[in-house]
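Below is a short report on one protein model. It covers the pocket, the cysteines and a few selected residues.

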Amino acid sequence: MIRFALKKDLTKIIQITKACAKHMCEMGIFQWNENYPSIEGFEKDLMNNELFVLEVNGEIIGAIVISTRKDAVYKPIEWATEDAINGYLHRLCVHPNHQGQGYARILLDFAENHLKELGAISVRLDTFSKNLRNNKLYEARGYVRLGDVYFEEKSPFPFHCYEKLL
């Protein structure tokens, strides 16, 4: 079941993102660190009604942020669509103990359908260039790479920006 996150869910979400960060670092993927994602960021997402959790058997095992607000970092990207009602996905995570079971796809299906219901014409996101698994996942789902952005506080390597028409 996917639902809007509640304030009481934030501790569990942070535990999941820390487990994901540790797991990625063990694989040589330095996408997330001790500063990102942050509880403050998730609190903001919660206040904006953009944070969703995935529950399986009553346990939160994943989360995703689904927004219609364009972050300033995306300004230089030449998107495939005009800025209108576009969706933006952030901080998709599934606890490492549950990865490889299709839960990321379930979260993406939900996000894309949710954005369609909101009238979005496309979905936009970024993912770390060194996270080959994520890049393959998005490309297999029909997302097209359109450019790169940099988050110096996270990594000197680029983050690829993708867009998918809805």
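This is a predicted model. Seven elements each supply at least two residues of the lining of the largest pocket: α1 (10-26), α2 (39-47), β3 (59-67), β4 (86-94), α3 (103-117), β5 (122-128) and α4 (132-140). Strand β4 gives the most, with 6 residues. The space in this pocket comes to about 1,000 Å³. Its lining has 48 residues, and those closest to the centre are Gln-31, Trp-32, His-90, Arg-91 and Leu-92. By class, the lining has 23 nonpolar, 14 polar and 11 charged residues.

**Gln-31**

Gln-31 is among the residues closest to the pocket centre. It sits in the loop between α1 and α2. Its relative accessible area is 7%, so Gln-31 counts as buried. The side chain of Gln-31 makes a polar contact with the side chain of Asn-131, at 2.8 Å. Asn-131 also appears among the residues that Gln-31 touches. The others are Met-24, Thr-127, Phe-128, Asn-134, Lys-154 and Phe-159, leaving out residues up to four places away in sequence.

**Cysteines**

How many disulfides does the model have? The count comes to 0. Cys-20 is in no disulfide. The nearest cysteine sulfur to that of Cys-20 belongs to Cys-93 and is 5.2 Å away. A disulfide needs the two sulfur atoms within 2.5 Å. Cys-25 is unpaired because its sulfur is 11 Å from the closest cysteine sulfur, in Cys-20, too far for a bond. Is Cys-20 buried or exposed? Cys-20 is buried, at 4% relative accessibility. Cys-25 is partly exposed, at 31%.

**Thr-17, Ala-120 and Phe-52**

Thr-17 is found in helix α1. Its relative accessibility is 1%, so Thr-17 counts as buried. Leaving out residues up to four places away in sequence, Thr-17 touches Trp-32, Pro-37, Phe-42 and Cys-93. Trp-32 is also one of the residues closest to the pocket centre.

Ala-120 lies in the loop between α3 and β5. It is buried, with a relative accessible area of 8%. Beyond four places in sequence, Ala-120 touches Ile-85, Asn-86, Gly-87, Leu-115 and Leu-166. Gly-87 is 33 residues away along the chain, yet its C-alpha atom is 6.0 Å from that of Ala-120.

Phe-52 lies in strand β2 (residues 51-56). It is buried too, with a relative accessible area of 2%. Its contacts beyond four places in sequence include Ile-2, Arg-3, Phe-4 and Ala-5. Gly-62, Ala-63, Ile-64 and Ile-66 are also among them. Phe-110 and His-114 complete the set. Arg-3 is 49 residues from Phe-52 along the chain, but the C-alpha atoms of the pair are separated by 5.5 Å.

The table collects the accessibility values.

| Residue | Relative accessible area | Class |
|---|---|---|
| Gln-31 | 7% | buried |
| Cys-20 | 4% | buried |
| Cys-25 | 31% | partly exposed |
| Thr-17 | 1% | buried |
| Ala-120 | 8% | buried |
| Phe-52 | 2% | buried |

Key. Residues are numbered from 1 along each chain as its sequence is written. This is a predicted model: local features need pLDDT of at least 70, side-chain atom pairs count only at pLDDT 80 or more; totals for chains, interfaces and linings use all residues. Side-chain values use heavy atoms; hydrogens and water are left out. On a 1 Å grid over the protein atoms alone, a cavity is a set of points where a 1.4 Å probe fits but cannot get out, and a pocket is an open set with protein on both sides within 12 Å along at least five of seven lines; lining residues have an atom within 4 Å of a point. Grid points are joined across faces, edges and corners, and a volume is the space filled by probe spheres set on the points. Helices (H or I, at least four residues) and strands (E, at least two) are DSSP runs, numbered from the N terminus. Ala, Val, Leu, Ile, Met, Phe, Trp, Tyr, Cys and Pro count as nonpolar, Asp, Glu, Lys and Arg as charged, and the others, Gly among them, as polar. Buried means under 20% relative accessible area, exposed over 50%, partly exposed in between (1.4 Å probe, protein chains only). A polar contact is a pair of N or O atoms within 3.5 Å; within protein, one must be able to donate a hydrogen and the other to accept it, and residues adjacent in sequence count only if both atoms are side-chain atoms. Contact means heavy atoms within 4.5 Å.
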